[in-house]
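Trainee: I would like to learn how to read the strands and the ligand site in a model like this one. Please show me.

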Amino acid sequence: MDITALRDQAIEAIERAKNAKELEEVNKIYLGRKGKLTQLLRSLNAMEAGERRKIGAAANALRDELHETLEKKQELLARLELQEEARQNRIDVTVPGKRLPVGHLHPLTHIQREARRIFESMGFSTVQGNEIESQHYNFDALNFPPDHPARDMQDTFWLKQHRKGERNLLRTHTSPVQVRYMEQHVPPFRIIVPGRVFRNEATDARHETNLYQLEGLMVGKYVSAAHFKGVLEEFYREFFHTPVSIRLRPSFFPFVEPGFEVDMSCVVCKGGGCSTCSQGGWIEMMGAGMVHPNVFKAAGYVPGDWQGFAFGMGLDRLAMMKYKVHDIRLFYGGDFRFLRQF
Ligand code: DAH
């Protein structure tokens, strides 16, 4: 084969090579140990001097040219490979980000925070108590006599008796914090106690074994039921964003005298009567009263020195009114179809 044809063939093969492997193959075919050009160079010895000089020069030049061309092609392929890699790894900054699912507060947490905000704006401090409570604070210090049927008003989760014979319980209300707080503080003061309480009772649309209350206690020299009514009206007005009427009905709780049941005019029908208020126009919202002298005594106060009001409202009930939820169990069921609405 003449050298020009060999050259054309080799150059074309180099051009055709699509990757390093194919290029290496071309290199072998022409410049390898048994390569076409190698063989030609080897055959030079057998030629006569004139021809050898002529062909030898051309063959050597071709070898140099092929080396150079191969090298260039190798560089080109390497560059292309890098570009391809970069293309594949390219980050498209215009692609919209992945949305991470973000949770939100539970409706009862919203209610509790909103209630706190309003009471704190009226100068109340928020105080915490224990969920595991002693009989003393849950009942005795609150003037429940040992054998008084009032104790049966609360169905209690009792804990196992510990060594000293005291039997603890899961607090049935937030009222024990009244005495715990008064033992440590001198009036005047106003506090609220939001927290979880427990009742050992069958559940239905209005009753759960676990619920949330918000206790209030305001004690001073001349704190009256009128103050209580004013504070409460302000609270409800702010909470429901509409003026509401309050009605106090006489009721009995051992730790207050007098005791009241507090009704609020129905925010759904504005008192006209609807299914939410069982057509009555009023909704029962909480227990309250003027702190009983025996409770002051249990806390170490001289009863005649102070007077105050106390109240305990159910936060679940408040949430049900605000969000118009008809079944308390929805708050604890963990059903996202319900929770996502808040
Ligand atoms: N602790 C009572 C309950 O859980 C509610 C209550 C009634 C709290 C009257 C009070 C109060 O502070 O004065 O049923």
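**Strands and ligand site**

Mentor: Start with one pair: Trp158 has Leu169 in S4 as its bridge partner. The model is predicted, with local features needing pLDDT of at least 70 and side-chain atom pairs counting only at pLDDT 80 or more, while totals for chains, interfaces and linings use all residues. Residues are numbered from 1 along each chain as its sequence is written, and side-chain values use heavy atoms, with hydrogens and water left out.

Trainee: In which sense do S3 and S4 pair, and over how many bridges?

Mentor: Strands of a sheet pair through backbone hydrogen bonds, in either a parallel or an antiparallel way. Strands here are DSSP runs of E with at least two residues, numbered from the N terminus, and two of them pair if DSSP finds at least two bridges between them. S3 and S4 (residues 168-170) are antiparallel, with 2 bridges.

Trainee: What is the strand order in the open sheet of 3 strands?

Mentor: The order is S2-S4-S3, with antiparallel pairing. Strand S2 (132-134) and strand S3 (157-158) each have a single partner strand, so one side of each lacks a neighbour in the sheet.

Trainee: And what is the order in the open sheet of 7 strands?

Mentor: That sheet reads S1-S5-S6-S10-S9-S8-S7, and its pairing is mixed. The edges are strand S1 (125-126) and strand S7 (246-251); each has a single partner strand, so one side of each is left without a neighbour in the sheet. Within this sheet, S9 and S10 run antiparallel and are joined by 5 bridges. Gly287 stands opposite Gly312 in S10.

Trainee: Which residues come nearest to the ligand?

Mentor: A residue is near a molecule if one of its heavy atoms lies within 4 Å of it. There are 15 residues around the ligand, and His173, Ser175, Arg199, Gln213 and Glu215 come nearest.

Trainee: Which atoms of His173, Arg199 and Ala310 lie close enough to the ligand for a polar contact?

Mentor: A polar contact with the ligand is a pair of N or O atoms within 3.5 Å. An N or O atom in the His173 side chain is 2.9 Å from a nitrogen atom of the ligand. For Arg199, a polar side-chain atom lies 2.9 Å from a ligand oxygen atom. Ala310 instead places a backbone N or O atom 3.2 Å from an oxygen atom of the ligand.

Trainee: Which elements give two or more residues to the shell around the ligand?

Mentor: They are strand S6 (210-220), strand S9 (282-291) and strand S10 (307-314).

Terms used
A polar contact is a pair of N or O atoms within 3.5 Å; within protein, one must be able to donate a hydrogen and the other to accept it, and residues adjacent in sequence count only if both atoms are side-chain atoms. Helices (H or I, at least four residues) and strands (E, at least two) are DSSP runs, numbered from the N terminus.
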